[in-house]
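Hi,

Here is the structure I said I would pass on. Have a look at it first, and my notes on what turned up follow below.

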Amino acid sequence: MIHFLKLSIPIILSIVVHYLMPITDLLMIAHLGMISVAAVSISIDLSIVFSVFPAGIAYGIQPSIEKFNHQTIHENTKWFFNSLFINVLGSIIFSGLLLYIIHWLPYLKQDTQAVEMVPYYMPWLACSIFPTMVYNTFCRYLEGIGHTKPIFIVTMIGLISNIILNYLFIYVNIGNFTNSLIGAGIATLCSKFIMAIGLMPYVWKKLETNSKHLLILSYFDREYIKKLLTLGIPIGTQLFLEFFFFSFTGIMVGSIGVLHKGANSILDNIISLPIGISWGFSLSASTLVKQTRCSNHKGEKKSIWIYYGTTGIVMLILAFFIANYSFFIFTVCYKGSATDYSMICSSIPLAILLIFVDGFYTISLGLLRGLKDTFFPFLITTISNWLIGIPLCYLLINVINFGIPSVWISKISAFLISGSILFAQFLKKYYSGPKKLESN
């Protein structure tokens, strides 16, 4: 467990800090009212959909450089620059798509007032995809070589910068913006650039920088690109469809009303930290399982249960915190009214249950990723989310009129089904023997 935590904590802290950025945005934008919160929530939902696919592809570099001591620095540099090439190109494409989707907002059947305010904020989020993808490439490379401490430090600097800039642009309005959401968007864009630039010196030290091959295009290699895409596309597609599932259910709630949309978005943000922590455990589990999958020692084989147990204990602590302080967080931190809070009261126990279900699902996903199995999880999660989760959510909202709890019931159902299947698949592959695993 100690080894697992040592590897997990730096990754988890950086993920938590990264998750705090949209949360702090909503916290400070809540000062402007629930319509502004709903507008920002719509923007974040859509921006996640269009940025998560290239972010998932960035994970393709990790397995490629995990055996850092057995490769030359020239090879690792080629892996890095080819990955950077893919991610920069992807960021440009998806930024354009997000800007284009602004024109289709009226067709999403959201509150008219909220939709009218989205263009003040979303363009800045679209522009921030580029520095975010550069930052993600740096992070995946540093994680692959086990150099994770700088990621947490730089991400914390980015969060602090975001808070300061939000305060200056929203509360002080030093830019004299016609709408404070413009200032919030600029603050987010600036903080993303700060994070990308901040990690650059740490990455540069680990690359081949004393030769003529300093230009990215000089490192371009079709074979490297092909291998990165083979590993990254299933992960990117799975994450894209998964976050699209989350965003789509959020949009379905928006069809009920702007207050329901805002209240549900706040609850989404409250539980985003536990979900981010479980993702950090998942990344650590995918790394550690490679060290024991070929071992015949039963004690090492049993260590996989530590991943589930540790994650479960941490999720239990966080669930207790949310159960006891959700009213304070909602009304004091997010400036929501007691009436708004009453809309999500019935969903809080479901949201807490989702924390545990998501932890189970995410660890199973990470363990399979550690066995280099990315296509099967993509297939199962897509089927469970879109053939079970979405129809169930639509049925509960539009036919049964179940309200906000509909979203959480559909998420729990989809994640529980996919998590159980992925867990069974992992056990089957993990205990099938080293030779078979290696052949996969």
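Ile344 counts as buried, because its relative accessibility is 1% and the cut-off for buried is under 20%. You'll find Ile344 in helix α13, which covers residues 338–344. Leaving aside residues up to four places away in sequence, Ile344 touches Ala263, Asn264, Leu267, Phe330 and Ile404. There is also a pairing across the sequence to look at: Ile344 and Pro405 are 61 residues apart along the chain, yet their C-alpha atoms are 7.7 Å apart in space.

Before going on, please keep in mind that this is a predicted model. The chain has 440 residues, and buried ones make up 57% of them. As for secondary structure, there are 17 helices and zero strands. If you take the contacts between residues at least 6 apart in sequence, 85% of them join residues at least 24 apart. The accessible surface of the chain comes to about 18600 Å², and carbon and sulfur atoms account for 70% of that.

Now the rings. A search of the whole structure gives 14 aromatic pairs. One of them is Phe80 with Tyr141, an edge-to-face pair with 5.3 Å centre to centre and 65° between the planes. This pair links distant parts of the chain, since Phe80 sits in helix α4 (residues 73–101) and Tyr141 in helix α6 (residues 129–144), 61 residues apart. Are these two partners buried or exposed? Phe80 is buried, because its relative accessibility is 2%, and Tyr141 is buried too, because its value is 0%. Both also belong to one aromatic cluster, made up of Phe80, Phe81, Phe138 and Tyr141.

Another ring you may want to bring up on screen is that of Trp408: Lys411 lies over its face, at 4.4 Å from the ring centre.

On the outside, there is a nonpolar patch formed by Phe375, Leu379, Ile383, Leu387, Ile388, Ile417 and Ile421. Together these residues have about 590 Å² of accessible area. Which helices supply at least two residues each to the nonpolar patch? They are α15 (375–399) and α16 (405–430). Helix α15 gives the most, with five residues. Ile417 is one of the patch members, and its place is in helix α16. Ile417 counts as partly exposed because its relative accessible area is 34%, and partly exposed means between the 20% and 50% limits.

The loop between α15 and α16 holds Asn401. What caught my eye there is the backbone: phi of Asn401 is near 55°, a positive value in a residue other than glycine. Asn401 counts as exposed, because its relative accessibility is 62% and the limit for exposed is over 50%.

Last one, from the start of the chain's numbering: Ser14 is found in helix α1, residues 2–29. Ser14 is buried, because its relative accessibility is 6%. Apart from residues up to four places away in sequence, Ser14 touches Ile151, Phe152 and Thr155.

That's what I have for now.

Cheers

Terms used:
Residues are numbered from 1 along each chain as its sequence is written. This is a predicted model: local features need pLDDT of at least 70, side-chain atom pairs count only at pLDDT 80 or more; totals for chains, interfaces and linings use all residues. Side-chain values use heavy atoms; hydrogens and water are left out. Helices (H or I, at least four residues) and strands (E, at least two) are DSSP runs, numbered from the N terminus. Buried means under 20% relative accessible area, exposed over 50%, partly exposed in between (1.4 Å probe, protein chains only). Contact means heavy atoms within 4.5 Å. Accessible areas come from the Shrake-Rupley method with a 1.4 Å probe; for residues, only the protein chains shown count as cover. Rings of Phe, Tyr and Trp (its six-membered ring) pair if their centres lie within 6.5 Å; planes under 30 degrees apart count as stacked, over 60 as edge-to-face and the rest as tilted. A charge sits over a ring if NZ of Lys or CZ of Arg is within 6 Å of the ring centre and within 35 degrees of the ring normal. Patches are made of residues with over 30% relative accessible area and no salt bridge: like charges are joined within 9 Å, nonpolar side chains (Val, Leu, Ile, Met, Phe, Trp, Tyr) within 5 Å. A salt bridge is a side-chain nitrogen of Lys or Arg within 4 Å of a carboxyl oxygen of Asp or Glu.
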